[in-house]
Amino acid sequence: MSKKGMFISFEGCEGAGKTTVIEHLYEKMVEKGYRVMKTREPGGIDISEQIRTIILHPGHKEMDSRTEALLYAAARRQHLVEKVIPALEDGCHVLCDRFIDSSLAYQGAARGIGIEDVLAVNEFAIGPYMPDGTIYIDILPETGLTRIFKNKDREINRLDNETIHFHQRVHEAYQNLQERYPERIHKINGEQSLDNVILDAERYLNSILSGE
């Protein structure tokens, strides 16, 4: 039986640069001969992409916070069972743009539902499939939002349009989560140059892959 792949998630506030970092790491892993897959949340498969459209549509301002949390968990479950688990069991490494920590930060903390309640819903959704490691790219909300609105190619979604206070609560929640799960969540300074962010992320990724 082939060795199980490693499941690595990437987290951060809006505009942290996760997608760019994942792309660079994916290319480096392919060059080294690793079997690797990149994906995102919410999304990654047809059903979850459709849920993503509902959640992030700028016009859905009336969406209840608990509805939002449940939709994220539903999208996560389908993505996990349809795409992530089969890849891991086939020995493929998975790089995932967001996972459970996003729900804990955005819905649990910033929406005020409560970390423990959102954690319970997501533990039901994902079962034992927590990431083997999480790369958290830490930037100030002001930095991230400035990047977003300067990037004309990036979609502006419903969460981008939240108040700065909302994004500050998200940032604070990520700090707390990193302290809560220090063995899993590795924080990288996202305020430094992109090259240095990628280097730091690659060092951590290599340590996970080598089992150090």
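Is R40 buried or partly exposed? I began here, working on a predicted model. R40 comes out at 33% relative accessibility, so I logged the residue as partly exposed.

**Entry: R40 and its partner**

I looked for what the R40 side chain meets. R40 and E49 form a salt bridge, with N to O at 2.9 Å. I then checked E49. E49 has 24% relative accessibility and also counts as partly exposed. Buried would need a value under 20%.

**Entry: E41 and R76**

I moved on to E41. The E41 side chain meets that of R76 in a salt bridge, 2.6 Å from N to O. I placed both partners: E41 sits in the loop between β2 and α2 (46-56), R76 in helix α3, so this pair ties together parts 35 residues apart in sequence. Next I looked up burial. E41 has a relative accessible area of 6%, so I noted this residue as buried. R76 is buried too, at 2% relative accessibility.

I also noted a network here. E68, R111, R158 and E162 are joined into one by salt bridges that share partners.

**Entry: R35 and D90**

How many salt bridges does the structure have? My count is 15. One of them pairs R35 with D90. Their closest N and O atoms are 2.7 Å apart. I traced this pair along the chain and found that it links distant parts. R35 is in the loop between α1 (18-31) and β2 (36-40). D90 is in the loop between α3 (65-89) and β3 (93-97), and 55 residues separate the two. Accessibility came next. R35 has a relative accessible area of 44%, so I filed the residue as partly exposed. D90 went into the partly exposed class as well, with 41%. As a reminder to myself: side chains of opposite charge can pair when their charged atoms come close.

**Entry: C92**

R35 turned up again when I looked at C92. C92 lies in the loop between α3 and β3. The relative accessibility of C92 is 10%, so I marked the residue as buried. Setting aside residues up to four places away in sequence, C92 touches G5, M6, R35, V36, M37 and A87. I also checked C92 against F7. The two are 85 residues apart along the chain, yet their C-alpha atoms are separated by 8.9 Å.

**Entry: nonpolar cores**

F7 led me to the largest nonpolar core. This core holds 38 residues. The members that touch the most other members are F7, V94, A105, Y106, V170, Y174 and L177. I listed the elements giving two or more residues: α2, α3, β3, α4, α5 (115-126) and α7 (164-180). Which element gives the most? That is α3, with nine residues.

I took V94 as an example. Beyond residues up to four places away in sequence, V94 touches M6, F7, I8, M37, T39, V84, A87 and L88. I found a second, separate core as well. That one has 21 residues, including A16, V21, I135 and I137. For background: in soluble globular proteins, nonpolar side chains tend to be buried together.

**Entry: two residues of α4**

I picked D101 and S103. D101 lies in helix α4 (residues 100-110). D101 is at 1% relative accessibility, so I recorded the residue as buried. Not counting residues up to four places away in sequence, D101 touches E11, T134, Y174, L177, R184 and I185. Y174 and L177 were already on my list for the largest nonpolar core.

S103 is found in helix α4 too. S103 is buried, with a relative accessible area of 2%. Leaving aside neighbours within four places in sequence, I found S103 in contact with Y72, R76, G108, V118 and N122. R76 is the salt-bridge partner of E41 noted above.

**Entry: cavity**

I searched the whole structure for cavities of 30 Å³ or more and found one. The largest cavity has a volume of about 50 Å³. Which residues line the largest cavity? They are L25, K28, M29, K32, E202, L205, N206 and L209. α1 and α8 (194-209) each supply at least two of the lining residues. The largest share, four residues, comes from α8. I sorted the lining by type: four nonpolar, one polar and three charged.

Methods:
Residues are numbered from 1 along each chain as its sequence is written. This is a predicted model: local features need pLDDT of at least 70, side-chain atom pairs count only at pLDDT 80 or more; totals for chains, interfaces and linings use all residues. Side-chain values use heavy atoms; hydrogens and water are left out. Buried means under 20% relative accessible area, exposed over 50%, partly exposed in between (1.4 Å probe, protein chains only). Contact means heavy atoms within 4.5 Å. A salt bridge is a side-chain nitrogen of Lys or Arg within 4 Å of a carboxyl oxygen of Asp or Glu. On a 1 Å grid over the protein atoms alone, a cavity is a set of points where a 1.4 Å probe fits but cannot get out, and a pocket is an open set with protein on both sides within 12 Å along at least five of seven lines; lining residues have an atom within 4 Å of a point. Grid points are joined across faces, edges and corners, and a volume is the space filled by probe spheres set on the points. Ala, Val, Leu, Ile, Met, Phe, Trp, Tyr, Cys and Pro count as nonpolar, Asp, Glu, Lys and Arg as charged, and the others, Gly among them, as polar. A nonpolar core is a set of buried Ala, Val, Leu, Ile, Met, Phe, Trp, Tyr and Cys residues joined through side-chain atoms within 4.5 Å.
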